[in-house]
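Good morning, colleagues. I would like to take you through the packing of one protein chain, beginning with its interior. Please look at the structure as it comes up.

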Amino acid sequence: VLVGKASFSSAGLSFVGPARGVVPLQSPILPGRPWRSQPPKSSLQALRLYGSQGSRSPLVNWYLYEIGAEFEMIDVGGIDRSSPSFPNPFGQIPALSDGDVQLFESGAILLYLAQKYGGMDSPEKLASVSKWVVWANAALDPIVFKENESGQVLDTGLKSRPRKIERFEEILEGRQWLLGDEFSVADVAVASYLLYGIMFFPDLNMRKWPNIARYMAAAAQRPAYGKAFGAKTAAMLAQKCSGPLSEDEKKFGFF
């Protein structure tokens, strides 16, 4: 689905220019696919995710599907986000409630879910993924999205060769995922931002970094990613990250 503008409501961002939308979710109750051990059903019944397809909430959906969680998806279109009962006091999405626990900011939500339901239940395990989740929010986000003072996304730093992205290309050499052969919440956080870059800028050439492009394609091909972002969107992103550069692309690039 092509739309003229897109926004990331979680950060108050709006995008000026063309963007590729995603297929909306159809069911308010979203069962996931088992991954690791199945979390206790009784505790998961209380999980509620507040969001929309035009926000960062689908990346939280992705992780919930990966860990096999059952949760209720609350479309915020008909909700008063200024209400004191809304989980985010700033009225932004995604936001999560789990019983009496209320959370906002996608990274904080991911780390909470990973620790409580995703098997990251020790300081050592949590440390192995939290550094990457925080890096995605603190370092990768400002590279992917170049904003003005109003929070509008005007461009992306991925059109050039940022030093941190060049280093990330080296880090991925010989690795399937950030923790080696094991997919984790770290990959959900990092791959989501990289793939958002192509969603916002469809002509972006990520294949100039072969290891990153391979990593992104593998992430987009995961069933849980397609379930969260839409099968057509996932297929398009995987295709744009796969295969060698053509001679014209090598010579002129996509930009």
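The largest nonpolar core of this predicted model contains 74 residues, and those with the most contacts inside it are Trp62, Leu113, Phe168 and Val190. The element that gives the most to this core is helix 6, residues 185-200, which supplies 13 residues. There is also a second, separate core of six residues, among them Val76, Phe86, Ile93 and Ala95.

Let me turn to one residue of the main core. Leaving out residues up to four places away in sequence, Leu113 touches Leu47, Val60, Tyr63, Leu64, Leu96 and Gly118.

For context, the protein chain has 10 helices and 11 strands. Of its 255 residues, 50% are buried. Among contacts with a separation of 6 or more, 69% are between residues 24 or more positions apart.

I now return to helix 6 and its packing against helix 9, residues 231-241. The two pack at an angle of about 95°, and their axes lie 10 Å apart. Angles of 65 to 115 degrees count as roughly perpendicular, so helix 6 is roughly perpendicular to helix 9. Which residues make the contact? Helix 6 contributes Leu195, Ile198 and Met199, while helix 9 contributes Thr233, Met236, Leu237, Lys240 and Cys241. By class, this contact comprises six nonpolar residues, one polar and one charged.

Next, helix 5, which spans residues 163-171. Its buried residues are Ile165, Phe168 and Glu169; Phe168 was named earlier as one of the residues with the most contacts inside the largest core. How are the buried residues of helix 5 arranged when seen down its axis? They fall within an arc of 105°, and therefore line one face of the helix. As a general point, an α-helix has 3.6 residues a turn, so residues three or four places apart point the same way. The buried residues of helix 5 pack against helix 4, residues 123-144, against helix 6, and against helix 7, residues 210-220.

Finally, a charged residue in helix 4: Asp141. Is Asp141 buried or exposed? Its relative accessible area is 10%, and the cut-off for buried is under 20%, so Asp141 is buried. Apart from its neighbours within four places in sequence, Asp141 is in contact with Arg56, Ala136, Glu147 and Tyr193.

Thank you for your attention.

Methods
Residues are numbered from 1 along each chain as its sequence is written. This is a predicted model: local features need pLDDT of at least 70, side-chain atom pairs count only at pLDDT 80 or more; totals for chains, interfaces and linings use all residues. Side-chain values use heavy atoms; hydrogens and water are left out. A nonpolar core is a set of buried Ala, Val, Leu, Ile, Met, Phe, Trp, Tyr and Cys residues joined through side-chain atoms within 4.5 Å. Buried means under 20% relative accessible area, exposed over 50%, partly exposed in between (1.4 Å probe, protein chains only). Helices (H or I, at least four residues) and strands (E, at least two) are DSSP runs, numbered from the N terminus. Contact means heavy atoms within 4.5 Å. Axes are lines fitted to C-alpha atoms, for helices over the stretch in contact, and angles run from 0 to 180 degrees between N-to-C directions. Angles under 35 degrees count as roughly parallel, over 145 as roughly antiparallel, 65 to 115 as roughly perpendicular and the rest as oblique. Ala, Val, Leu, Ile, Met, Phe, Trp, Tyr, Cys and Pro count as nonpolar, Asp, Glu, Lys and Arg as charged, and the others, Gly among them, as polar. The arc is that of the directions from the helix axis to the C-beta atoms.
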